[in-house]
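The exercises below are meant to be worked with the sequence and the model open side by side. Try each task before reading its solution.

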Amino acid sequence: MLNLLRKDYIALKSSLWAILFYFVVFSVAFIPTVEMSMYFVGIYTAFGSIMLATMIDIKNHNHKFLVTLPLSRRNIVQAKYLSAILYTLFGVFASSGAHWLVNYLFPELNKPDFSVLDILISIGMVLVLISIYMPLFYALSKKGAGIINTVFMIVLIILAQPVASLLYMAGENGMGRASVYVFVSVCILLLFIVSYFVTVRLFARKDL
């Protein structure tokens, strides 16, 4: 498993500048102008990194090579889900750090204070996207990867503001009770687990 993660890092190493570029562009675009920018920067950076990693797999024909090794397809999918979680944590925590720094250096922007709950919400939203994206990626792979990425970016652009507004209104209306968040968290984790098993099944049946 560790070697598979190292493979992902090595494959992505020459494109790490692109992830930093995503982060800088999203920060500059959203932080000064959007109240809920912490969600936007973290989610866009994380998911952009995940899509970049999957496209590199397609470009380098990594899956065709990996299935020739003494590795199970289940392990290959496990490594991809784990690396997606690492990209998620990087994007969300980088966004929190950037917003903390902006609040400290530019208090005149009046950015809302964020909490641990905001970080968990951002992580949860990315996990939902991963849960939908991964089965589609492994089902369509090279033939549909470009289309999948385009569709997901359009959906992110269209739905980002409504979802952020809904979260804000939920908190304002007192809907942010602990029981609600626990229930939603359990649902997200179950969705993520189901997504993993679906992806393993799809990849196991795929002829490479």
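**Exercise 1.** Are Phe 30 and Phe 40 buried or exposed? Classify the pair that their rings form.

*Solution.* The structure is a predicted model. Begin with accessibility: both Phe 30 and Phe 40 are buried. Turning to the rings, the program's rule gives a count of 16 aromatic pairs. One of these is formed by Phe 30 and Phe 40, with 5.2 Å from centre to centre and 80° between the planes. Because planes over 60 degrees apart count as edge-to-face, the pair of Phe 30 and Phe 40 belongs to that class. Finally, place the two residues: Phe 30 lies in helix α2 (residues 16–30) and Phe 40 in helix α3 (residues 37–59), so the pair ties together parts that are 10 residues apart in sequence.

**Exercise 2.** Describe how α2 and α3 pack, and state which kinds of residue make up their contact.

*Solution.* Take the geometry as the opening step: the axes of α2 and α3 are 9 Å apart and meet at an angle of about 155°. Since angles over 145 degrees count as roughly antiparallel, that is the term for the arrangement of α2 and α3. The crossing of α2 past α3 is right-handed. On the α2 side the contact includes Tyr 22, Phe 23, Phe 26 and Phe 30, while the α3 side includes Phe 40, Val 41, Tyr 44 and Leu 52. Sorted by kind, the residues of the contact of α2 with α3 comprise 10 nonpolar, 5 polar and no charged.

**Exercise 3.** Characterise the pair formed by Tyr 138 and Phe 203, and find the aromatic cluster to which these residues belong.

*Solution.* The ring centres of Tyr 138 and Phe 203 are 5.0 Å apart and their planes make an angle of 65°, an edge-to-face pair. Tyr 138 sits in helix α6 (residues 116–172) and Phe 203 in helix α7 (residues 178–205), and the pair thus links distant parts of the chain, 65 residues apart. As burial requires under 20% relative accessible area, Tyr 138 qualifies at 2%, and Phe 203 qualifies at 1%. The cluster that holds them consists of Phe 47, Tyr 133, Phe 137, Tyr 138, Phe 152 and Phe 203.

**Exercise 4.** Determine where Ser 195 lies and which residues it touches.

*Solution.* Ser 195 is found in helix α7, and with a relative accessibility of 3% Ser 195 counts as buried. Leaving aside residues up to four places away in sequence, Ser 195 touches Tyr 81, Ile 130, Ser 131 and Pro 135.

Notes. Residues are numbered from 1 along each chain as its sequence is written. This is a predicted model: local features need pLDDT of at least 70, side-chain atom pairs count only at pLDDT 80 or more; totals for chains, interfaces and linings use all residues. Side-chain values use heavy atoms; hydrogens and water are left out. Rings of Phe, Tyr and Trp (its six-membered ring) pair if their centres lie within 6.5 Å; planes under 30 degrees apart count as stacked, over 60 as edge-to-face and the rest as tilted. Helices (H or I, at least four residues) and strands (E, at least two) are DSSP runs, numbered from the N terminus. Buried means under 20% relative accessible area, exposed over 50%, partly exposed in between (1.4 Å probe, protein chains only). Axes are lines fitted to C-alpha atoms, for helices over the stretch in contact, and angles run from 0 to 180 degrees between N-to-C directions. Angles under 35 degrees count as roughly parallel, over 145 as roughly antiparallel, 65 to 115 as roughly perpendicular and the rest as oblique. A crossing is left-handed if the near helix is turned anticlockwise from the far one by less than a right angle, and right-handed if clockwise. Contact means heavy atoms within 4.5 Å. Ala, Val, Leu, Ile, Met, Phe, Trp, Tyr, Cys and Pro count as nonpolar, Asp, Glu, Lys and Arg as charged, and the others, Gly among them, as polar.
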